[in-house]
Amino acid sequence: MPTLDATIEEILNLAAEHFHVPRESLQPGDDFFQKLGINSLQALGLLTRLEQHFGIELPDYELQGVSDFRTLAERIQSRL
Amino acid sequence: MLDLRQYNCLGEALRAGLARWPGETCLIESDRDREKARLTYRQFREAALPLARALQEAGFQKDSRAAILMTNQSKWLISAYAVFYSGGVLVPLDYKLPFAEQLQLLAHSRAEVLIVEYHIWRALAQSEGFGERKPRLVLVTEAPVGAALEGARRWEEFRGNRHPIFVPRRREDPACIVYSSGTGGRPKGCVLTHENYLEQCRALTALFPFAPGMRYLSILPTNHAIDFMVGFIGPFTCGATVVHLRTLRPEYIRDAFRKYKISYMTVVPMLLKILERGLRERFAELPRGRRQMLGALISMNRLVTRRRPRLKMSRALLRQVHEGFGGELRALFVGGAFTEASTLQFFYDLGIPVGNGYGCTEAGTVITLNDFKPFRADTVGRPLPGVEVRIADPDAEGVGEVAVRGKTVMSHYLDDPEMTAETIVDGWLMTGDLGRLDAKGHLQLLGRKKNMIVTEEGKNIYPEDIEAVFEGLAAKEFCVFAANYLWPALTMIGEQLVLVVHPEGGGALSEEVAADIAERNRRLLNYKRISGYLVWDRDFPRTASMKIKRMELAEQIRQAASRDQMVTL
């Protein structure tokens, strides 16, 4: 199983690619709604992308109350 | 369809529906593409009555309040029926709210029972203050085997053995307490009566009837008054089926249309736009010849549906488009916020009528609705049967505040006589929205009288609520307004927020402060951001207790400054 840091790194790479922003502009503690200027449906789109990448299923409610990449990574890590 | 005039409360009407169509499917619950549950009306009743009995044995009785905090799913509706059966009052809470706000509303409602999904409960139970605020009975659905529930009970095991007692209510008794969003620290608990719901349902199903075999795809939160009506009470009093998806991802919504042959769905404007964009992209990718053919078919469809929708004809003309929506779609409804005319026209031209309407929780959801006779994209339709709309204090162009009267208007705001008196004046609900009625009785909305905006996701934003992020700004004083409130623009599209800032020592704003405003703005969620700021060099009018007199300040700004003086961010 990858480490949490490795999972964070992968999420940041995928988010940058998915929303067409430079990778270096994203940090683990960033609020992705604010940083990427996205709404909740667009965040669900990212969740689908992450599911495909990690080969896991993430119910919509895993985004409930989550707005930063690090917490999202922790939720994913617990399902790997 | 039941004749709802015969019933006095939701419990009675639902009970009659369950008895009338025992073999019809009332609920389908799908988790993505996996169907998890399919219940007939008989099975629904069999699931709900033991819960009602257990609630009654636990002391739940007439007028007891039960809050539900769940995503859209079968247990939401089963629980609601058990509450109504027992004569209780339902408090549907928004599962999307931050946990602290959920706790605040839970306490405000004084619910003695909370029915909650496991993952929400887990977060709530860890929130500060849950211990003091939690209701005396908490029922948790779908808790994993072995999960420690710390005094809460498992919903699935909370069952009574004997038949419950049906507790009737009167039409004027409260059925639900529904919190309208964007509370600004002051909860607005709309007390809606059984009469409000029965009359609203009667009016809506007269225009858009449900029948056995018809399927409603429920994706707007059921706690919202719209889905509660068209995704529960409407279909259940007509023998139709409600489909729950347990995900909001557009790809599964698209699949569900085809798999379940959906008849109706309600969306927020944002989702309608996503659907529109997807279709436009697909059309643009077609080879030139096919694209031209599609254009010709759309033009033909526009012609044949000029006076009214003709579903069979549209489905034949634009077969592939309709198959993508399952082939049995009768109409989409859009609610929660204002929708652009071009989007409505796009779908209508494809033979998919979008029921564009206008409403608010205080008016029991829908006030006006487009009846497609003929379709008009430029209005929000005519008042529902039994609902009176008038324009208060109209100007020379007939524009004034939209006021509503009728059997669907709420009783009052819970524990807030002051706000109730401001909102319901001489029996008329003052909506705070500006509009005018045309010669055909259609309502056109033209902005807001109140200081707020509504996003495409249907979120109400009160400018006062976002001032906290500018606390500590190196300025003498500041205040946030809706731009349309300061300078009425006769539109409800592209609403903006503006920060009015009075620099220290008057005069111009320093570069540092301007940069600080931009930086703080970035900390806000994108839909809460201000679009610009206005520099104001006079002292704000204040009350004796030093609160800003917002209306007076707005009036001064309206007189002395124009929208183009706003510095855009």
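## Exercises on chain B

In this predicted model, Tyr216(B) touches Val230(B), Gly231(B), Pro235(B), Ala240(B), Val242(B), Val243(B), Ser263(B), Tyr264(B) and Met265(B), when residues up to four places away in sequence are not counted.

**Exercise 1.** Decide whether Tyr216(B) is buried or exposed, and place this residue in its element.

*Solution.* Begin with the element: Tyr216(B) belongs to strand 10 of chain B. Next, take the neighbour count, which is 23 C-beta atoms inside 10 Å. A residue is buried if 20 or more other C-beta atoms lie within 10 Å of its own, and therefore Tyr216(B) counts as buried. Finally, for a residue distant in sequence, take Met419(B), which is 203 residues from Tyr216(B) along the chain and 35 Å from Tyr216(B) in space, C-alpha to C-alpha.

**Exercise 2.** Work out the order of the strands in the open sheet of 9 strands in chain B, and explain which strands stand at its edges.

*Solution.* The order reads 2-1-11-10-12-13-14-15-16, and the pairing is mixed. Strand 2 (34-40) and strand 16 (382-383) of chain B each have a single partner strand, so one side of each is left without a neighbour in the sheet. As an example of one pair, strand 13 (residues 331-334) and strand 14 (residues 354-360) of chain B run in the parallel sense and are joined over 3 bridges; here Leu332(B) stands opposite Val354(B) of strand 14. To add a helix to the picture, helix 8 (residues 225-236) of chain B lies across several strands, including strand 1 (25-31), strand 11 (241-244) and strand 15 (365-369), and runs at about 155° to strand 10 (215-218) of chain B.

**Exercise 3.** Describe the largest nonpolar core and say which domains contribute to it.

*Solution.* The largest nonpolar core has 140 residues, and those with the most contacts inside it are Ala48(B), Ala66(B), Ile68(B), Leu90(B) and Val116(B). At least three residues of this core come from each of domain 1 (4-265) and domain 2 (268-448) of chain B. Apart from it lies another core of 31 residues, among them Phe338(B), Ile461(B), Leu534(B) and Met566(B).

**Exercise 4.** Compare the radius of gyration of chain B with that of a compact globule.

*Solution.* For 569 residues, a compact globule would have a radius of gyration near 25 Å, and chain B, with 25 Å, agrees with this. The C-alpha atoms fill a box of roughly 75 × 65 × 50 Å along the principal axes, while buried residues make up 47% of the chain.

Definitions and conventions. Residues numbered from 1 in each chain as written. Chains lettered and ligands numbered in written order. Predicted model: local features only at pLDDT ≥ 70, side-chain atom pairs only at ≥ 80, totals over all residues. Pairing = 2+ DSSP bridges. Helix = DSSP H or I, 4+ residues; strand = E, 2+ residues; numbered from the N terminus. Contact = placed C-beta atoms within 7 Å. Axes fitted to C-alpha atoms, helices over the stretch in contact; angles between N-to-C directions. Rg over C-alpha atoms; globule rule 2.2 N^0.38 Å. Buried ≥ 20, exposed ≤ 12 C-beta atoms within 10 Å, placed from the backbone. Core = buried A, V, L, I, M, F, W, Y, C linked by C-beta atoms within 7 Å. Domains from an automatic or database assignment.
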